[in-house]
Structures are given as structure tokens and as C-alpha cells.
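Q: I am new to this structure and would like a close look at a single part of it. Please take one strand and explain what lies around it.

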Amino acid sequence: MAKISVFGIGYVGVVSAACLARDGHQVIAVDVDPGKIKSINAGQTPIVENGLDELISKAVADGLLEATDDVQYAIDNTEVSFVAVGTPSAPDGSVGLVYVDDVCKNIGAALKNKDAYHSVVIRSTIVPGSCEGTCIPTLERESGKTAGVDFGMGYYPEFLRESTAIEDYYDPGLIVFGAMDEGTAKILTDLNKDLPCDINVVDLRTAEMVKYCSNTWRAVKVTYANEIGNIAKACGLDGQKVMSILTSDTKAIISPYFMRPGFAFGGSCLPKDVRALRHLAREKGIKAHLLEATLEANEAQIQRAEAMVEKSGAKEVGFVGVAFKPGTDDLRESPLATLAGRLIEKGIEVKIFDPYVQEAYDTHTPGAGRGNDVIPNLPGRLTGDLDAMLNDAGAVVVGNYYESTVAKLEEVSKSRPVVDLTRLNKEKVSDGTYEGICW
Ligand SMILES: NC(=O)c1ccc[n+]([C@@H]2O[C@H](COP(=O)([O-])OP(=O)(O)OC[C@H]3O[C@@H](n4cnc5c(N)ncnc54)[C@H](O)[C@@H]3O)[C@@H](O)[C@H]2O)c1
């Protein structure tokens, strides 16, 4: 069993402290608020949360939980400290790191006087780069020690929801943490190993980012549901009924499908259907903020790719894929076709390798080139000779993933600008002449 200090006895801190003690760990809770300290030491919960009172009174009675404002005592008598102080918005909307920084100062000063190894694990919600930019420098300055070497360092976000916090603690939807050293990684792995959830061990910044994505995604979902509800009501429909049927689709709607960062959406359905629902909303006098923003953001993603290609300075660009996705020759509203068309307008020579569009022309399919209204002389630009195209191109755009092209493209990307809009290889990130649109 571990000895753990928890800094900040707020909603997150007190629930973790109580659950850790319930699991048999020795826990010291630290706060600057004398009322909260007194309450815990009296075996009472300082917040209202289902089931918490019982946990705290038992943990205190069993001698597994105590509270204090004495930082040195807490550091000396534990091996790991969790930091769960508030991070309210600063006036400009940025994350407020004042309390986190204060705690890091206090912990750093106490670490200076402790010889044994100790890990500091931040649990507060902080934007990517905060551990490295604020917490670690403060801890190192105050302790005179080096993070990851003389003391352990980790970031381990909390995802619990108030009112079901204890339930969430034992049945989390997601576990992720970053650790600079093996000791901290082991403590966090051991603490989580019996929970019914995969453990994602990543770098500090990725863990910080995942926490923000979790909360902002929840916010976007609520906003989307509300927007649909508003449009549905204006059409005389029950918005909750619509959303309840929609979310029963776990194949496409409640799934990772369509949640893979990359290039713009397109094709014969999504753009026109977003436009039509937005139009209907406008007709009904409903402002569909998200639908408006969706089309704007999609256009911006095409412009982003355009800028990436232009940055290469290439006068001749080879496209791998032009249809709106692999496995089809459908060019209707393909963002790759839009991108190719814009580059051509700017005087850039574009050649295209797309086996499906090519096949449609080669076999004289009546719909060959279907939906293309942006690329002049498409048949003349198509080529089945990938090697020659890659050889001549000053830059390559990887638009669609075709297994047979991957090895060649990976090789080319070592020496020639390659703009990857789909991802050739999950392990590959922007580096040198290779640039992924979102990685
Ligand atoms: N509330 C939630 O449901 C929830 C869920 C997940 C993550 N989070 C994140 O966890 C963090 C904590 O949130 P919360 O709602 O528990 O905060 P909270 O405001 O309820 O509690 C913060 C506690 O920290 C204490 N504190 C401030 N300075 C201190 C110091 N120098 N030393 C010791 N204690 C100090 C405060 O007195 C307070 O008791 C935030 O970053 C929040 O975004 C919150």
C-alpha cells in the first residue's frame, strides 16, 4: 500500500483522498482552508457528494486519512503527492496556474529537506506545456533538484463527474498519465491496475491535451444537441426524441469513426447536407452556430493544406488520391479535387495518381470523372505511373491511403516535400521534408 499526500481538498482532491484511503492507502490531505482540514479530521466531508461522508468517516476512524496544512509533514510522511488545486480561468481566458504554482513552490521547498525519493503528480486540469513550463521549473527552483532524476514527476488528469464521482473513480471511462521517470509510472500503474479500463501511458503534454479534449468534446456535444433541439422544435419536432434515435447508432455516431484528425470532409452527402440543415435553420429563424462554424472550419482545413503545399515552393505537385475517399471514383465535393483545382489556378502543374478514378476512365465507365467541376483536363493529368509522377514532382500530396503506395511514399518523404493529409504511418510525425496536416 502506498503513502500518498493530496494537495487541495476540493471536489477532486477529497474524492481521491477518500477512495485511496478506502483502498487501504495511507493518505494525508493538505489544504490552506482550515474549515476543510477540521471537517476531514472530524470524519466529515467538506463537500456534498453521494457516498462521500461514509467513506471519510470510516477512513478517518481507521487511521488511514488525516488532513493538515503542514506541507513538510505531508511530504516527509508520504512517497507521492497528488496536486488537485483549482485552475480557474484567468481574466484573459487562459488557464489560471496561480494555485498550482503556489503548491509547487511549497512542495519544492519541502523536497529540499527530504532525502528519500518523492514523486509529484499533477491532477489539476492544465493546458499542454504547463507541467514543463510552470510546475517543473518551480519545483526544481525551490528544491534545487532535477525532475525525473532527483524527484519523480507525472501528470495524471482526473475525469470524474460531480454527483457520480465515487462511481466514476472505480469505473473510469479513461485512464491516461504521463511520467518522467519509472518510479512515478510504476506508482500510477499500480494504483490503476485493478480498474476495468485500459491504462494509456504517454508523455506529459499528451496527457494534458487529452484532458482538455475530454471536456471540450463534452461541451461541443451538449451544444450540438441543443442546436439540433432548437431546429427540431422550430420544425414542430421533439429534439430529445431525434437525438435519442441518432445516438442509438454506435457504429457511426457514438464511435471513433469520423474522429480522426486529418483533411476536410467532402463527398456527395456531408457538405450538401450541412448546408441544407443550416439553410432550414436560417429559414426558421434559428441561428445554427455549430453548423455555420462547421462549414467555415472545413474550408479553413482546405486552406491549411493549400498553404502547406505552397510553402514547399514546388512548381509541379503529384497527388496520390483525388476522389473524396479511397475505394471510390466519386469526385463530388472532394476536398482533394478542390485543393488540386486551387493549385492549378495558381499556376502549379498537378499530376494525379488515383487508381479508382483512373479505372473509371480506363474502363469507359459512364460516370468517369463524375462530380469533377474544379480540375481542368482531369484525364490528361491522371497517371498510372506512380514512380514517374513521384520522380517528376517537386512536392507530393498524399490525399488517400492506398496500401500499395505507402512504401514508395515513405521513401520519397525522406528527400522531397510530402504533405500527408491522411497518414501513411501512425508512427510518423512531421519531420524534415515530411509534413502531416495534424501530426
Ligand atoms: N470538479 C470536477 O468535477 C473536476 C473533475 C476533473 C478535474 N477537475 C480539475 O481538478 C482541479 C481541482 O478542481 P476542484 O473542483 O476539485 O477544485 P476546488 O476549487 O473544489 O478545490 C481546490 C482546493 O485547493 C485548495 N488550495 C488552493 N491553494 C492551495 C494550496 N496552496 N495548498 C493546498 N491547497 C490549496 C483550495 O482551498 C480548495 O480546497 C481543477 O483543475 C479542475 O479543473 C475538476
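A: In this predicted model, strand S1 (residues 3-7) pairs with strand S4 (residues 80-83) in the parallel sense, and four bridges connect the two. Within that pairing, Ile-4 has Val-80 of S4 as its bridge partner. S1 also pairs with strand S2 (residues 26-30), again in parallel, this time through five bridges, and here Ser-5 is matched with Ile-28 of S2. To get from S1 to S2 the chain passes through helix H1 (residues 11-22), and the β-α-β crossover made in this way is right-handed. As for its surroundings, S1 is mostly covered, since four of its five residues count as buried.

The helix of that crossover leads on to the interior of the model. The largest nonpolar core comprises 63 residues, and Ala-17, Ala-18, Ala-29 and Val-83 are the ones with the most contacts inside it; H1 is the element that gives the most to this core, contributing nine residues. If residues up to four places away in sequence are left aside, Ala-17 touches Val-6, Ile-9, Val-27, Ala-29 and Leu-65. Such grouping fits a broader tendency, for in soluble globular proteins nonpolar side chains tend to be buried together.

A second core, of 39 residues, lies apart from the largest one, and it includes Ala-305, Phe-319, Val-350 and Ala-393. For the wider setting, the domain assignment divides the protein chain into domain 1 (3-205) and domain 2 (298-436), and the centres of domain 1 and domain 2, taken over C-alpha atoms, are separated by 49 Å.

Key:
Residues are numbered from 1 along each chain as its sequence is written. This is a predicted model: local features need pLDDT of at least 70, side-chain atom pairs count only at pLDDT 80 or more; totals for chains, interfaces and linings use all residues. A residue is buried if 20 or more other C-beta atoms lie within 10 Å of its own, exposed if 12 or fewer, and partly exposed in between; C-beta atoms are placed from the backbone. Two strands pair if DSSP finds at least two bridges between them. A crossover is right-handed if, with the strands pointing away from the viewer, the path from the first strand over the helix to the second runs clockwise. Domain bounds come from an automatic or database domain assignment. A nonpolar core is a set of buried Ala, Val, Leu, Ile, Met, Phe, Trp, Tyr and Cys residues joined through C-beta atoms within 7 Å. Two residues are in contact if their C-beta atoms, placed from the backbone, lie within 7 Å.
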